[in-house]
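This report is meant for a reader who is meeting the structure for the first time. It moves from single residues to whole chains and then to the contact between them.

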Amino acid sequence: MLRFILRRAIATTILIGGVVLMTFALARLLPGDPARLIAGARADADAVAAVRERLGLDDPVGMQFLTYVSNVMEGDFGRSVVTRRPISEDIVTFFPATLELVLLAACISLVLGALLGVLAAVRSGTPSDVGVRGVAVLGLSVPDFWLALVFQLLFFATLGLLPFGGRLGTGVTPPDFVTGFMTLDSLLAGRFDLLVDALKHMILPVTVLAIPSMAITIRVVRTTMLEVLSQDFIRTARSKGIRPVRVYLRHALRNALLPIVTIFGLNTGLLISGAVFIELIFDWPGLGRYTANAIASSDYNAIMAITLVVSIAYTLINFLVDLSYSLLDPRVKLS
Amino acid sequence: MTKRTPTRNSPQFQLPRRSFLAGTCSMAAMAFAPTGRVWADTAATAPDIGARDPNTLVVLVDATVENLDPATNIEWAYGLRPIYETLTILDGSDTLSVKPALAEAWEANEDNTSWTFTLVDGVTFHDGTPFNAEAVKKAVTRMVLHPAGLAGTWQLDDPETQIVVVDDRTVRFDLGEPRPFFDRQVSSQYGFWMASPTAAEANSKGDDDMGSEFLQSNPVGTGPYKLESLNPGQDATFVANPDYRGGWEHPHFNRVITKTMPVSATRRQLLETGEADMTLAMEPEDMMALRDDPRFNMIDAPTFTVQYVAFATDGKLADPKARQAISHAFDHDAYIEQVALGTADKPTSVFPAQMQGLDGKDRLLPFDLDRARALLEEAGIAEGTELTMAYYAGFGDIEGQLLQAWLAEIGIDLKLQELSFSAYLDVFFGEGEADERPDLFYFSWWPNVDHPYSFAWGLFSGDAATYDGNAGRYANDEATALIDELRNQVMTEDMAAKFRRLADILTTEDPAWLPILQERAQFVSRNDIKGVENNPIYVATLDMYNLSRGN
């Protein structure tokens with residue numbers, strides 16, 4: 001196990017180093033002068049040059065890269081030209097909002113997807129199976145941004161049941177920042193009114209985010225379960241008179257868990273990067289919306305930092321998934 | 001003809017002298033109205049605001065509030081106006097008269113070379129430091145000396161000696177030349193707000209910063225509101241300054257929340273459901289729906305903002321005939337009616353049509369492709385010549401495509417070059433050689449004050465640098481001389497004649513620009529919001545202090 005962790009840590013370091021190099025190179029290759037953006041549109045050539053010198057942008061590229069890497073190692077990603085704050089501060093502010101959405105959506109999609117997938121597999125060929133498969137196809141086919149708009153139109157504009165967007169109602173003072181998760185921070189502050197408000201605001205974005213992931217999970221679980229259910233040990237279990245529910249959940253599902261966990265890991269990673277549209281539509285102040293603003297404003301430092309953070313998150317999730325294999329299936333040896 | 005989405009000011013892509021097109025939305029009939037109009041029906045009940053605090057105003061904008069340092073913000077003054085104040089302020093919607101603000105009285109000497117301002121007593125900045133004559137001197141000096149600032153707007157060569165502290169409440173500006181409307185110039189939204197010099201000095205990171213990095217997100221002014229929180233790209237919250245000199249006895253809002261909502265339909269939904277009180281920009285269909293909804297009021301008024309295509313005069317378009325040819329190849333009537341859907345005004349020259357001293361004459365070269373072809377031939381521009389037009393994402397794309405189609409009919413191959421905002425600024429204000437730069441640039445501009453010099457110098461004077469705004473490197477000796485003659489002059493008949501001559505040269509004879517449209521300001525608010533007023537010089541900002549929720 002230790003050897004595996006060490007090997008993965010080395011590989012991850014190399015991978016992240018590659019990401020740093022690539023994002024740095026891309027930012028330097030793109031047209032546009034960050035010094036001009038920071039100095040201001042009407043700054044004269046001397047002012048732009050002064051900013052360039054202050055930021056070390058006129059150093060040789062190799063030197064710039066070394067400076068950047070050394071700053072990143074200290075958690076210093078520079079300042080955002082949009083928010084005019086240190087980017088590390090921005091990430092700490094905005095990332096928890098995205099994580100809160102993504103983790104909830106991933107968990108919901110896992111649980112619902114697994115249940116529906118099992119249902120479709122055990123009732124293969126019945127109307128239930130067809131119905132679940134239809135849901136899965138629909139969930140994968142409908143673009144999430146379209147679904148988001150339809151949900152807003154229906155549940156906010158027409159029925160008035162759910163808020164349009166944001167994390168809390170307009171003008172509501174949020175709880176003190178502890179974890180950055182609005183639900184947890186509301187609980188920690190003992191503010192149940194805020195917790196209810198936060199949960200109401202999460203329903204639509206979480207649902208829209210969860211649907212495509214749930215659809216993928218349904219399809220994977222169904223296929224894997226069908227495969228497992230046709231194996232000899234299931235027939236044996238059944239012939240021993242074990243109750244069907246126990247057979248499905250204890251024997252079959254357990255043996256189908258590996259691909260489900262893999263899909264969960266991939267889905268969570270994809271949800272982080274896929275949250276951009278959802279955050280824009282639901283006015284969700286997370287990393288996705290921050291990213292969109294950074295891209296639109298050519299905020300290269302912020303784009304580089306976000307790419308790095310998302311890459312690390314993605315790598316970490318996959319690492320945890322790999323680790324979980326040995327826990328779920330003793331036959332899997334990590335070495 | 002391609003229909004465009006008239007709201008083209010993507011919030012993340014605002015430009016200096018940005019085109020706050022304010023949706024460029026309204027109805028065709030309104031678009032040509034000479035003055036502002038208000039649709040109102042206070043009999044209808046505005047949407048229920050639910051649990052929202054009635055003392056909080058929620059304003060929706062399509063642009064992002066970011067830089068709050070008045071020395072370096074030249075983009076959009078919306079976030080500055082509640083926090084900072086100027087010495088004087090334009091009176092209501094009048095562009096030519098001012099009333100007291102931080103100065104309670106002022107007078108000029110006989111030849112208008114020296115102006116003395118008496119400051120309001122007992123004013124403090126939000127950081128508790130006193131606003132006095134010394135603070136004025138330091139605040140103005142900072143703005144003039146800041147390398148990325150708006151030095152030119154003050155027209156002071158040596159603020160240290162030209163600004164004299166007479167006593168604690170009296171400050172004198174020795175201008176070195178007659179400036180008969182200096183009291184109006186100091187009412188401008190660009191470069192004239194008073195920021196705490198103490199805060200700037202305490203947080204300065206050097207001469208190229210002068211406290212700007214700090215003030216950009218921690219503004220310290222004397223205004224009626226303080227910044228409570230700022231999330232650029234998302235929201236900004238302003239809270240009433242309890243020590244404000246004007247007091248809070250009148251109906252007012254305790255807090256103002258500004259939310260950035262890029263999609264017009266969303267802004268409309270939030271208004272209709274009572275989630276918001278006002279919006280500054282909308283697309284035509286949303287604007288029309290709300291105009292006809294008695295629960296809302298709409299202000300629709302002209303602005304001084306002109307969108308234009310600047311010609312690079314140091315390249316293939318050096319010959320005025322070539323530029324005239326391109327000017328003949330743009331059909332303004334069709335564009336305004338069928339593309340802009342009547343949501344903007346047809347310009348009459350490179351200057352805003354309502355600028356003082358200008359007559360009503362239409363100086364645009366008429367749409368005439370035959371004449372354009374002949375002029376191109378006279379200019380020696382061969383058929384098949386390739387030109388490039390640069391614009392930044394979301395601003396100028398449709399206009400570029402139209403021009404491309406019309407120019408193709410006269411044998412010009414127009415390449416469109418869409419750039420990121422920073423790349424565009426590099427090209428527009430940059431010092432590159434002529435053959436490295438585009439031939440045409442899409443942009444917009446408005447003046448600091450209602451005076452042609454304020455609009456013209458940086459854009460058209462042969463003495464102005466590229467970074468002053470003269471992207472086309474335009475230099476016409478007669479135009480430069482006329483601009484110089486107009487400097488700080490009262491608009492007498494003689495001066496008005498010179499101004500009109502200048503407009504003729506810049507638009508018709510030796511075109512510097514192809515003006516495309518003149519923007520209109522359009523605000524929609526719930527009908528229980530009182531005190532909404534627009535001055536065409538104060539582009540897309542709000543006098544939040546005088547807004548309130550009525551019954």
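In this predicted model, B:Asn488 counts as partly exposed, because 17 other C-beta atoms lie within 10 Å of its own. B:Asn488 sits in the loop between α16 and α17 of chain B, and its phi is positive, at about 55 degrees, although the residue is not a glycine. Most residues other than glycine have a negative phi. A second asparagine of chain B, B:Asn112, also has a positive phi, near 60 degrees, and is placed in the loop between β5 (103-108) and β6 (114-119) of chain B. B:Asn112 has 17 C-beta neighbours inside 10 Å and therefore counts as partly exposed.

The helix that follows the loop of B:Asn488 is α17 of chain B, which covers residues 493-509. Its 17 residues reach 22 Å from the first C-alpha to the last, a span close to the 24 Å expected at 1.5 Å a residue. The buried residues of α17(B) are B:Lys498, B:Phe499, B:Leu502, B:Ala503, B:Ile505, B:Leu506 and B:Thr507. An α-helix has 3.6 residues a turn, so residues three or four places apart point the same way. Among the elements that cover the buried residues of α17(B) are α15 (452-460) and α16 (477-486) of chain B.

Elsewhere in chain B, B:Thr258 belongs to strand β11. B:Thr258 is buried, because 25 other C-beta atoms lie within 10 Å of its own, where 20 or more is the cut-off for a buried residue. When neighbours within four places in sequence are left aside, B:Thr258 is in contact with B:Val59, B:Val61, B:Val65, B:Asp235 and B:Ala236. B:Ser196, by comparison, is 62 residues from B:Thr258 in sequence and 24 Å from it in space, C-alpha to C-alpha.

The two chains as wholes can be set side by side in a small table.

| Chain | Helices and strands | Extent along principal axes | Buried residues |
|---|---|---|---|
| Chain A | 14 helices, 0 strands | about 85 × 55 × 40 Å | 39% of 335 residues |
| Chain B | 17 helices, 19 strands | roughly 70 × 55 × 45 Å | 59% of 551 residues |

For chain B, with its 17 helices and 19 strands, the radius of gyration is 23 Å, close to the 24 Å that the globule rule gives for 551 residues, so the chain is as compact as a globular protein of that length. Of the contacts in chain B with a separation of 6 or more, 74% are accounted for by residues 24 or more positions apart. In chain A, among contacts between residues at least 6 apart in sequence, 71% join residues at least 24 apart.

Within chain A, helix α4 (residues 61-73) has 13 residues, which should span 18 Å at 1.5 Å a residue, and its end C-alpha atoms are indeed 18 Å apart. Just after α4(A), A:Gly75 takes a positive phi of about 80 degrees.

Further along chain A, how do two of its helices meet? Two packed helices are described by the angle between their axes and the distance between the axes. Helix α12 (residues 257-281) of chain A and helix α13 (residues 287-296) of chain A pack at an angle of about 90 degrees, with their axes 7 Å apart. That angle makes α12(A) roughly perpendicular to α13(A). On the side of α12(A) the contact is made by A:Ala275, A:Val276, A:Ile278, A:Glu279 and A:Leu280, and on the side of α13(A) by A:Gly288, A:Arg289, A:Thr291 and A:Ala292. By class, the residues of this contact divide into 5 nonpolar, 2 polar and 2 charged.

Finally, the two chains touch one another through 39 residues from chain B and 35 residues from chain A. On the side of chain B, the elements that give two or more residues are β2 (56-61), α7 (212-217), β11 (255-260), α8 (264-272) and α14 (421-429). Of these, α14(B) gives the most, with 6 residues, and the whole side of chain B that touches chain A has 17 nonpolar, 13 polar and 9 charged residues. Strand β11 of chain B, which gives two or more residues to this side, is also the strand in which B:Thr258 lies.

Notes: Residues are numbered from 1 along each chain as its sequence is written. Chains are lettered from A and ligands numbered from 1 in the order in which they are written. This is a predicted model: local features need pLDDT of at least 70, side-chain atom pairs count only at pLDDT 80 or more; totals for chains, interfaces and linings use all residues. Axes are lines fitted to C-alpha atoms, for helices over the stretch in contact, and angles run from 0 to 180 degrees between N-to-C directions. Helices (H or I, at least four residues) and strands (E, at least two) are DSSP runs, numbered from the N terminus. Angles under 35 degrees count as roughly parallel, over 145 as roughly antiparallel, 65 to 115 as roughly perpendicular and the rest as oblique. Two residues are in contact if their C-beta atoms, placed from the backbone, lie within 7 Å. Ala, Val, Leu, Ile, Met, Phe, Trp, Tyr, Cys and Pro count as nonpolar, Asp, Glu, Lys and Arg as charged, and the others, Gly among them, as polar. The radius of gyration is taken over C-alpha atoms; the globule rule is 2.2 Å times the number of residues to the power 0.38. A residue is buried if 20 or more other C-beta atoms lie within 10 Å of its own, exposed if 12 or fewer, and partly exposed in between; C-beta atoms are placed from the backbone. The expected span of a helix is 1.5 Å times one less than its number of residues.
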